[in-house]
Amino acid sequence: MDIPNMPKMMNKSCDPLEIDKLTGLYTREAFLKYADEKIKNNPGVRFNIVISDFVNFKHFNERYGTEAGDLLLKRTGEMLQLIDPDIIAGRYSADRFVTLMRHIGVESVQFLEDFRLPPQAALELPTTSITVKFGICDDVDHDKPVSVSCDHAYIALQSVKHNYKKNVGVYNEDLGRSVMEELIIEENMKNALDERQFVVYYQPKMDVETNKICGAEALVRWIHPELGFMNPGAFIPIFEKNGFITEMDLYVWKEVCRSLDEWKIAGLDPVPVSSNVSRIDFDTPDLAEKITAIVDSYGLDHSLFHIELTESACSDNSAAIFSIISKLHDAGFVIELDDFGAGYTSLSSLSELEYDILKFDMSLLKKDKPSSDKTVLTVAMQLAQMMNLKVIQEGVETAEQLERLKSLGCVIVQGFYYSKPLPKDEFVEFMKNHR
Ligand code: C2E
Ligand code: MG
Ligand code: MG
C-alpha cells in the first residue's frame, strides 16, 4: 500500500477522553461527533463510511497473547492515520475500526478487496493468519445522522463475515430489507409460539409397491396475522442462529403427539409421523429424556414417533449427538438421517451412529441419469442396502422418477408426485383414502 505523507487526521483541540488510548484513534462517540460535523460542513462532498473487522482476531489473541493483539490494533490504527490525510477514523468496537473517507466509487471496493496487512517484518507481528473484512456504506446520506450510515456499513460487513471468497460488502436496499425481515421475525417469534401461529402440516410417505401410505413427515409453517404464510425456509435458519429452534421444535413435537393421540382415539390407526430435529437441539443435554417424556405423556408407542435428524445447521456437538441418538434408539424410536447426500454428515458417521433410515436428498434424484448404473444415486442405494439401512427418497415429482426408483429397489418415497405437505384435516382424509 502507498503511504502518503503525515496525517493530520486528529482534531488537535479535542478532549483527551475522546481518544482511544490503545489505538490513538477517536473513540466511537467522538468519531460519530466529528464525522457528523464534517459531513454537515461539506454539503457538496460525497463520503463513504467503512467499517473493518479482523475475522480471526480471537484466535490471534489466543495464539500470540493479548499483548500481540493490542499491538496489532495499535499498528492498524497508525496505518489508518496514514492512508488518507483527510479521513476521520475511530475504534468502532473491540477489533473493529470505522472511517469516514471521501467517496471513491467502485475502485474503493477493489482496493479494499486487495487489502492485505503489511508483511510480518513491517508490523513485527505474524499477520499472515489475519483476514480483514470491510463493510461499506457507499455515498453517505447527508440528511441522516452518521450513526445510520455506520449501521448500514456494519450490515454490509456482516453479510461477508462468513464468506471465504469476498472480503468487502457494500450496503444496498436488498441487504437492508433482508436484515429488517430477520429483525421482524425475531421480534415476533416468541409471541407466535404463545399464540399458536406455528402450524404443523403433514406430508405422506408412500410405499411404492402397494401405493399405500406408510408414514408422514411433520413440516412446520408459520401463519402470521400480518406477515402471512411463511415456509420454514424463511424462519428456520434464523431460529437455528438464535437458538429459538429448540423451543419451536418442542412445540412441534407436542403438536405431533397431540394429533397422533387424537387420531388414535378416533380409531384411525395412524401411520408413524417423523418430526424434524435440528442439530442445534442436541445442545440440550437431556434431549432424549425430553422427547421420551412428551411421547409418553400421550401414552403413545415409541414406534409411532420417528426422528429426522436434519442437516440444515452444521454443529460441532457430534459427541452429544452420538450419545443422545443412541439413547433414543435404545428407547425404540426410529432414527432417520435427513438430506443424505447433501448435508454435513460424513460417510464414517454411518457406521458410528445408529440410524435406521437414510432419507436421500432430492438433489441425488435430480442429478441421476436413468441410463447409467454408476450415478451417485445408484451407488448410494447400494451402500444403504449393504449396510442394512432403509431408504426414503424425498422430492419425487414425476412418474419417470418413481419408475427409476422402483428399479433400484427403493420402496418408500415422499414427494409432490403423491402429495404436497397437507394441513391436518386434509392429511386425515388422505390417510383414510390410502390405507
Ligand atoms: P426436509 O426435512 O428435508 O423436508 C422436505 C422439504 O422438501 C419440505 O420443505 C417439503 O415441502 C419439500 N418437498 C417435499 N416433496 C417435494 C417435492 O416433490 N418437490 C420439491 N421441490 N420439494 C418437496 P419445507 O416444508 O419447506 O421444509 C424445509 C425444511 O425445513 C425441511 O427440510 C426441514 O429441514 C426444515 N423443517 C421443516 N419443519 C421443521 C420443524 O418442525 N423443525 C425443524 N427443526 N426443521 C423443520
Ligand atoms: Mg425432514
Ligand atoms: Mg430432507
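Okay, so the magnesium ion (ligand 3) is held by D338 (OD), D339 (OD) and two contacts listed for E394 (OE), at 2.1 to 2.4 Å. Donors here are N, O and S atoms within 2.8 Å of the metal, or 3.2 Å for Na, K and Ca, and water is not among the atoms, so sites may look incomplete. Along the chain, those donors of ligand 3 run as D-D-x54-E.

Quick word on what you're looking at: this is a predicted model, where local features need pLDDT of at least 70, side-chain atom pairs count only at pLDDT 80 or more, and totals for chains, interfaces and linings use all residues. Residues are numbered from 1 along each chain as its sequence is written, chains are lettered from A and ligands numbered from 1 in the order in which they are written, and side-chain values use heavy atoms, with hydrogens and water left out.

Back to the metals. Ligand 3 has a partner, the magnesium ion (ligand 2), 4.1 Å away, and D338 coordinates both. D338 is buried, at 4% relative accessibility; buried means under 20% relative accessible area, exposed over 50%, and partly exposed in between, with a 1.4 Å probe and protein chains only.

And which protein donors does ligand 2 have? They are E217 (OE), N276 (OD1), E308 (OE) and D338 (OD), 2.0 to 2.3 Å from the ion. The spacing there reads E-x58-N-x31-E-x29-D. Within that set, N276 sits in strand β9 (residues 273-277) and E308 in strand β10 (residues 305-309), so this pair links distant parts of the chain, 32 residues apart. Helices (H or I, at least four residues) and strands (E, at least two) are DSSP runs, numbered from the N terminus. Both N276 and E308 are buried.

Now ligand 1. It is surrounded by 25 residues, and the closest are R221, D249, D338, E397 and F416; a residue counts as near if one of its heavy atoms lies within 4 Å. So D338 turns up again, as one of those closest residues.

For polar contacts, we take pairs of N or O atoms within 3.5 Å; within protein, one must be able to donate a hydrogen and the other to accept it, and residues adjacent in sequence count only if both atoms are side-chain atoms. The side chain of R221 has an N or O atom 2.8 Å from an oxygen of ligand 1. D339, also a donor to ligand 3, puts a polar side-chain atom 3.0 Å from a ligand 1 oxygen. On the nitrogen side, Q203 has a side-chain N or O atom 3.0 Å from a nitrogen of ligand 1. Ligand 1 on its own has 800 Å² of accessible area, and the protein covers 84% of that, by Shrake-Rupley with a 1.4 Å probe, where for residues only the protein chains shown count as cover.

Last bit: aromatics. Rings of Phe, Tyr and Trp (its six-membered ring) pair if their centres lie within 6.5 Å; planes under 30 degrees apart are stacked, over 60 edge-to-face, the rest tilted. That gives 19 aromatic pairs. Take F198 and F235: a tilted pair, 5.9 Å centre to centre with 50° between the planes. F198 is in strand β6 (residues 198-207) and F235 in helix α8 (residues 232-242), 37 residues apart. F198 is buried at 2%, F235 at 0%. F198 also pairs with F239, and because the centres are 6.0 Å apart and the planes at 85°, that one is edge-to-face. Ring pairs link F198, W222, F235, F239 and F244 into a cluster.
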